[in-house]
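Here is a short tour for someone meeting this structure for the first time. Keep the sequence and the 3D view open as you read.

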Amino acid sequence: MTDLAAVAEIVDTAARNANAIEQLSLSGHDLNLDEAYAVQALSIGRRLARGERMVGVKMGFTSRAKMVQMGLNEMIWGRLTDAMRLEDGGVLDMAAYVHPRVEPELAFLLKKPLAGRVTLAEAMSSVEAVAPAIEVIDSRYRNFKFNLPDVVADNSSSSSFVVGEWHSPDVDFSNLGMILSFDGRPVQIGSSAAILGHPARALAGASHLVAEAGLELKRGWIVMAGGATAAEALSPGIAVKHTVQGMGSVGFTVKG
Ligand code: OOG
Ligand code: MG
């Protein structure tokens, strides 16, 4: 039997020290998906015990591009805490990460709780605002390689997230151009439609998946919809910007 708390300590410590570790599945911890989510909960529980606060969730593998890049095709989720938030226009220090990558995303702010299986319309009716966002993912596994339980146990590679200016959800955000650029040069170009055909489906997916863990999405939480394109690796000194058609930009610089 695997001691899930001990495994949670392994992934939490790796994240805390920005230390690459062997995949759990290759080091005697061959978890099933339920066990992996339990490890994720225990690992985030350690962060909460250190004073961090839950502020939302992130969805993963909600676009073909992301599934193809990582060779996995099942939607996953992870937990976001206040300590993971990086200010729009801020500076990221790569020393705090193993091998960070960025993804162009949209973020939702919830004005009411959302729980269980919901329709797209129900998901939409819980949205206070939508914003251009960037997720900084950072797998704690060597070479950014993992199977599904590995990545889920590692909080679905959540590391940091940056949210731009909030907009009314009344604007049609189902098919907006999204451009991720490094130093003004586009490195990924996509559309919000790449996220499950409509990004609000990622929110409905979040509601459904967290319910399986006995949780609900709370009022005031942020839900990250998942990368619309493949992720791009960061390097020191670059300026990262994500521009969403009609919604402006969000960005940060990487310390040189
Ligand atoms: C897993 C996280 C995927 C997304 O937006 O699809 C994710 C990974 O690729 O490391 O955050
Ligand atoms: Mg993501």
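## A buried serine in a loop

S192 has a relative accessible area of 0%, so it counts as buried. This is a predicted model. S192 sits in the loop between β8 and α6. Setting aside neighbours within four places in sequence, S192 is in contact with L106, F173, S174, N175, L176, M178 and P199.

One of those contacts has a polar side to it. A polar atom of the S192 side chain lies 2.8 Å from the backbone nitrogen of L176. M178 is 14 residues from S192 along the chain, and their C-alpha atoms are separated by 6.8 Å.

## Two residues with positive phi

Most residues other than glycine have a negative phi. L196 has a phi near 55°, a positive value in a residue that is not glycine. L196 lies in the loop between β8 (185-191) and α6 (200-212). Its relative accessible area is 30%, so L196 is partly exposed.

S157 also has a positive phi, near 65°. Its place is the loop between α5 (148-153) and β6 (158-163). Is S157 buried or exposed? With a relative accessible area of 4%, S157 is buried.

## The ligand 1 site

Which residues are the closest to ligand 1? They are F61, K66, E103, S157 and G227, out of 17 residues that surround the ligand.

Several side chains offer polar atoms to oxygen atoms of this ligand. For S157, a side-chain N or O atom is 2.7 Å from an oxygen atom of ligand 1. For E135, the corresponding distance is 2.9 Å. For E105, a polar side-chain atom lies 3.0 Å from a ligand oxygen. On its own, ligand 1 has 320 Å² of accessible area, and the protein covers 100% of it.

## The magnesium ion

Ligand 2 is a magnesium ion. Which protein residues act as its donors? They are E103, E105 and E135, each through an OE atom, lying 2.0 Å from the ion. Their spacing in sequence is E-x1-E-x29-E. E103 and E105 are both buried.

The two ligand sites share residues. E103 is a magnesium donor and is also among the closest residues to ligand 1. E105 is another donor, and its side chain has a polar atom 3.0 Å from an oxygen of ligand 1.

## A histidine in a strand

H242 belongs to strand β11 (residues 239-244). Its relative accessibility is 0%, so H242 counts as buried. Not counting residues up to four places away in sequence, H242 touches P104, E105, A133, I134, M178, I179, L180, G248, S249 and V250. One of these, E105, is a donor of the magnesium ion.

What lies 2.9 Å from a polar atom of the H242 side chain? It is the backbone oxygen of A133. H242 is also 60 residues from F182 in sequence, with 9.0 Å between their C-alpha atoms.

## Two helices in contact

D12 is found in helix α1 (residues 4-17). R47 lies in helix α2 (residues 33-49). Both are charged residues, yet neither is exposed. D12 has a relative accessible area of 2%, so it is buried. R47 has 17% relative accessibility; buried means under 20%, so R47 counts as buried too.

Beyond neighbours within four places in sequence, D12 is in contact with S43, R46, R47 and R50. On the same basis, R47 is in contact with D12, E52, T81, A83 and M84. The side chains of R47 and E52 make a polar contact of 2.8 Å. D12 and A36 are 24 residues apart along the chain, and their C-alpha atoms are separated by 13 Å.

## The nonpolar cores

In soluble globular proteins, nonpolar side chains tend to be buried together. Here the largest nonpolar core has 65 residues. L203, L217 and V223 have the most contacts inside it. Leaving aside neighbours within four places in sequence, L203 is in contact with F108, L110, L114, A123, S126, V127, L217 and V223.

Another core lies apart from this one. It has 16 residues, among them V136, V162, F182 and F252.

Conventions:
Residues numbered from 1 in each chain as written. Chains lettered and ligands numbered in written order. Predicted model: local features only at pLDDT ≥ 70, side-chain atom pairs only at ≥ 80, totals over all residues. Heavy atoms only, no water. Core = buried A, V, L, I, M, F, W, Y, C linked by side-chain atoms within 4.5 Å. Buried < 20%, exposed > 50% of the residue type's maximum accessible area, 1.4 Å probe, protein only. Contact = heavy atoms within 4.5 Å. Donors = N, O, S within 2.8 Å, 3.2 Å for Na, K, Ca; no water. Near = heavy atom within 4 Å. Polar contact = N/O pair within 3.5 Å; in protein donor to acceptor, adjacent residues only side chain to side chain. Areas by Shrake-Rupley, 256 points an atom, 1.4 Å probe, with all protein chains shown as cover. Helix = DSSP H or I, 4+ residues; strand = E, 2+ residues; numbered from the N terminus.
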